[in-house]
Amino acid sequence: MSGYFISFEGSDGSGKTSVLKKIIEFLDQKGQQAKYLLTREPGGNKISEEIRQVILDVKNTQMSAKTEALLYAAARSQHLEENILPALKENKLVLCDRFVDSSIVYQGRARGLGMDVVAQLNEFATDKLSPELTIYFDVDPRVGLARIVAGRTNEVNRLDQEDLSFYDDVRAAYQELAQKYPDRIVTINANQELEQVVADVFKVLAKRVPAFFEA
Ligand code: TYD
């Protein structure tokens, strides 16, 4: 397999989406439009976007944690087959807003299914394909939620309505994963001003993927 696969992780309000926009601006300015795929989970294609609607529908608050985990894994499997693998085969840089770590953290830890069980479920869904690099935006949930409330341009979904202890669990689980996979997961301090967060991310990218990000 060629190409290069990067996932972006972090809890709501971490600035992840804003930084991704800056990365795209940079690549486009360098004339690299044809050489990357920007995509997101759950989503990326028609089937996965439809699954996304079911998962995030505010009417579906009674959805069980297992159903949720299976739907995320189903959307991910389709996303891999239809979008990510073909792009990697074409030597593209794949930039994916959330991937397996989100399920391990949100469904495994925060919803209580168990991190290992959810990791195993996702090994089946992905045939163990893992990003080469994961940028994790580490933010204090209080800072993150304040940003969401201030902005409100983001999609408001039922997961935004969880309480702070949910987000504390999310953060602790991400930090645990970052310790477990120090070569793959790079932690960015996302409590800083956005400008500094952007600068820190670009520093990591220039080092790890110089072909695309050296100035
Ligand atoms: P998204 O709309 O991408 O929000 P954000 O801009 O914060 O990334 O994701 C919606 C929610 O889906 C988010 O709260 C995290 C959750 N999620 C899971 O719980 N499990 C998963 O496997 C994925 C991919 C997302």
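How do the residues of the shell around the ligand divide into nonpolar, polar and charged? Let's find out, one selection at a time.

**Before you click.** This is a predicted model, where local features need pLDDT of at least 70, side-chain atom pairs count only at pLDDT 80 or more, and totals for chains, interfaces and linings use all residues. Residues are numbered from 1 along each chain as its sequence is written, and side-chain values use heavy atoms, leaving out hydrogens and water.

**Stop 1: the ligand.** Select the ligand and the 16 residues around it; a residue is near a molecule if one of its heavy atoms lies within 4 Å of it. Four are nonpolar, five polar and seven charged. Here Ala, Val, Leu, Ile, Met, Phe, Trp, Tyr, Cys and Pro count as nonpolar, Asp, Glu, Lys and Arg as charged, and the others, Gly among them, as polar. Lys-16, Arg-52, Arg-98, Ser-103 and Gln-107 come nearest.

**Stop 2: polar contacts.** Show the side chains of Arg-52, Tyr-72 and Arg-98, and look for pairs of N or O atoms within 3.5 Å. A ligand oxygen sits 2.7 Å from a side-chain N or O atom of Arg-98. For Arg-52 that distance is 2.8 Å, and for Tyr-72 it is 3.1 Å. The protein covers 92% of the 540 Å² of accessible area that the ligand has on its own (Shrake-Rupley method, 1.4 Å probe).

**Stop 3: the helices of the shell.** Colour H1 (16–29), H3 (65–89) and H4 (100–110), the elements that give two or more residues to the shell. Helices are DSSP runs of H or I with at least four residues, strands are runs of E with at least two, and both are numbered from the N terminus. H4 gives the largest share, four residues.

**Stop 4: two helix pairs.** Select H2 (residues 46–56) with H3: their axes are 9 Å apart, at an angle of about 165°. Axes are lines fitted to C-alpha atoms over the stretch in contact, with angles from 0 to 180 degrees between N-to-C directions. That angle makes H2 roughly antiparallel to H3 (over 145 degrees; under 35 is roughly parallel, 65 to 115 roughly perpendicular, and the rest oblique). Next, select H1 and H8 (residues 194–208), whose axes come within 10 Å and cross at roughly 55°. H1 is therefore oblique to H8.

**Stop 5: two loops.** Which residues does a cis peptide bond join? Zoom in on Glu-41 and Pro-42, where omega is about -10°. Pro-42 lies in the loop between strand E2 (36–40) and H2. Finish at Asn-91, in the loop between H3 and strand E3 (93–97); Asn-91 is not a glycine, yet has a positive phi of about 65°.

Definitions and conventions
Polar contact = N/O pair within 3.5 Å; in protein donor to acceptor, adjacent residues only side chain to side chain.
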